[in-house]
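Hello,

Here is the structure I promised to hand over. Please open it first, then read my notes below.

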Amino acid sequence: MVRERSQQIFAQAKQLMPGGVNSPARAFGGVGGEPIVMQQAQGAYLVDVDGNRYIDYIGSWGPMILGHGHPRVRAAVHEAADRAMSFGAPTEAENELARLIIDAVPSVEMVRLVNSGTEATMSAIRLARGYTNRDVIVKFAGNYHGHVDSLLVAAGSSAATLAVPDSPGITAGTSQDTLVLRFNDVPGLKAAFAQHGDRIAGVILEPVVGNMGCVPGTAEFLATLRSVTSEYGALLIFDEVMTGFRVAYGGVQSLVGIMPDLTTLGKIVGGGLPLGAYGGRADIMSQMLPAGRVFQAGTLSGNPVATAAGIATLTMLRDESPYPRLEQISARLASGLTQAASSAGIPHSLARVGSMMTLFFHPDPVTDWDVAAQCDKARFARFFWGLIDRGIYLPCSQYESLFVSAAHSDNDIEHTIQAASEVLALL
Ligand SMILES: *Cc1c(COP(=O)(O)O)cnc(C)c1O
């Protein structure tokens, strides 16, 4: 596969932008080599600047659940842009998107629109702190909530849970207000609350993690989270930026029947344009300025073009529910990949919830970051490049979930399984 133009453009990009990219996940750091420069996307396919075509299993890292360039979404975007790019004043469309979100996500009674998932989580933890008048936020190793300072922290080396900065530029002071616990660890969670419970403002988690590969929270873990936060007066925050409208129209909370106090959304909710949201109980959301006193603002928040893409996407998902078919083709892909890895004698485990899944190169089910960290990343890199050469574009890291879209055909899935079988047999 020739990628000459891609290489030329990326060489220039490296002179212009740090690492040649505007977000590090795109840089192929987890698999080596250089990212592929894209030109066009339609349905389930990407076309790069050299004219190579790929079946896409990233979907822009989540948003494109309807496939790329859905005609209804494009039409909505055109129509909105023709009216106004931005007002900085209220619009009726914001009511419409807010109503769609509130109707879809069981725990959300009131919502605010922002511009990214990061803004949503940053604002939700500020609200949790403002509402409870407490400082400490609990998060879990291997969960990602965007590049919020106080959440960009890692577990300390001791068995204690005090966090340490995970990036230069994050102060020890900031990280000290965050506790990092082990995901799916019920005794660890209870112990942390027994020790620090009266200082904990909230717990934020991905109830089905996508950001260490696909790792579902166990029923017991999620139920304990709800009971322990209620007992100690802390808020439970489901970060459904990835899972919202993905694992089900109503997110993970609609599948497990657990009501968080706050929910953060992003990715699908903006239909491919920059839009995030956070919402939850009305009494909590009413603490936000100008109804309440917790500050959060945004020049482009509720932007009419992004809002139109969100409305069109959610309306399609609600009215034409692609979820049963997504479940069917995702199950087929999962069983095909599992069978291919087994036939090749490669130690593996596969985790899937709806149309998000990860083939882990580790023999045991991945339940937390300690297990995930043991995956055979060199093997994943060879798997990834073998599939690229066969025109299949997976996320470029063992620790990212792949996404199936409504635009994937049965043929695409069978072709992918066939290609994966070939590649796995060579590993
Ligand atoms: C992508 C993601 C974010 C961050 O969203 P951005 O739009 O990239 O800022 C936060 N939380 C989760 C669970 C995500 O997957």
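A nitrogen atom of the ligand is 3.3 Å from a polar backbone atom of Tyr144. That fits the polar contact rule: a pair of N or O atoms within 3.5 Å; within protein, one must be able to donate a hydrogen and the other to accept it, and residues adjacent in sequence count only if both atoms are side-chain atoms. Asp239 uses its side chain instead: one of its N or O atoms is 2.7 Å from a nitrogen atom of the ligand. Gly117 offers a polar backbone atom, 2.9 Å from an oxygen atom of the ligand. The residues around the ligand (a heavy atom within 4 Å of it) also include Ser116, His145, Glu206, Asn211 and Lys267.

A word on the source: this is a predicted model, where local features need pLDDT of at least 70, side-chain atom pairs count only at pLDDT 80 or more, and totals for chains, interfaces and linings use all residues. Residues are numbered from 1 along each chain as its sequence is written, and side-chain values use heavy atoms, with hydrogens and water left out.

Now the domains. Domain 1 covers 4-65 + 322-426, and domain 2 covers 71-319. These bounds come from an automatic or database domain assignment. The C-alpha centres of the two domains lie 26 Å apart. Each domain puts 28 residues into the contact, which means heavy atoms within 4.5 Å.

How much area is buried between domain 1 and domain 2? About 2,200 Å², with 64% from carbon and sulfur atoms. Buried area is the accessible area (1.4 Å probe) that two parts lose on being put together, summed over both. In domain 1, Tyr323, Val353 and Met356 lose the most area to domain 2, together 27% of what that side buries.

Polar links cross this interface too. There are 10 residue pairs in polar contact between the domains, both residues at pLDDT 80 or more. Strand E16 (356-360) gives the most to the domain 1 side, with 4 residues. Helices (H or I, at least four residues) and strands (E, at least two) are DSSP runs, numbered from the N terminus.

Which salt bridges should you look at? The rule needs a side-chain nitrogen of Lys or Arg within 4 Å of a carboxyl oxygen of Asp or Glu. The structure holds 15, and 2 of these salt bridges cross the interface of domain 1 and domain 2. Arg182 pairs with Asp370, with the closest N and O atoms 3.4 Å apart. Lys14 pairs with Glu34, at 3.2 Å between the closest N and O atoms. That second pair links distant parts of the chain: Lys14 is in helix H1, Glu34 is in the loop between H1 and E1, and they are 20 residues apart.

Last, two backbone details. Most residues other than glycine have a negative phi, and most peptide bonds are trans. Phe28 has a positive phi, near 65°. Phe28 is in the loop between helix H1 (4-16) and strand E1 (38-42). A cis peptide bond joins Leu289 and Pro290, with omega about 5°. Pro290 sits in the loop between helix H9 (282-285) and helix H10 (304-320).

Best wishes
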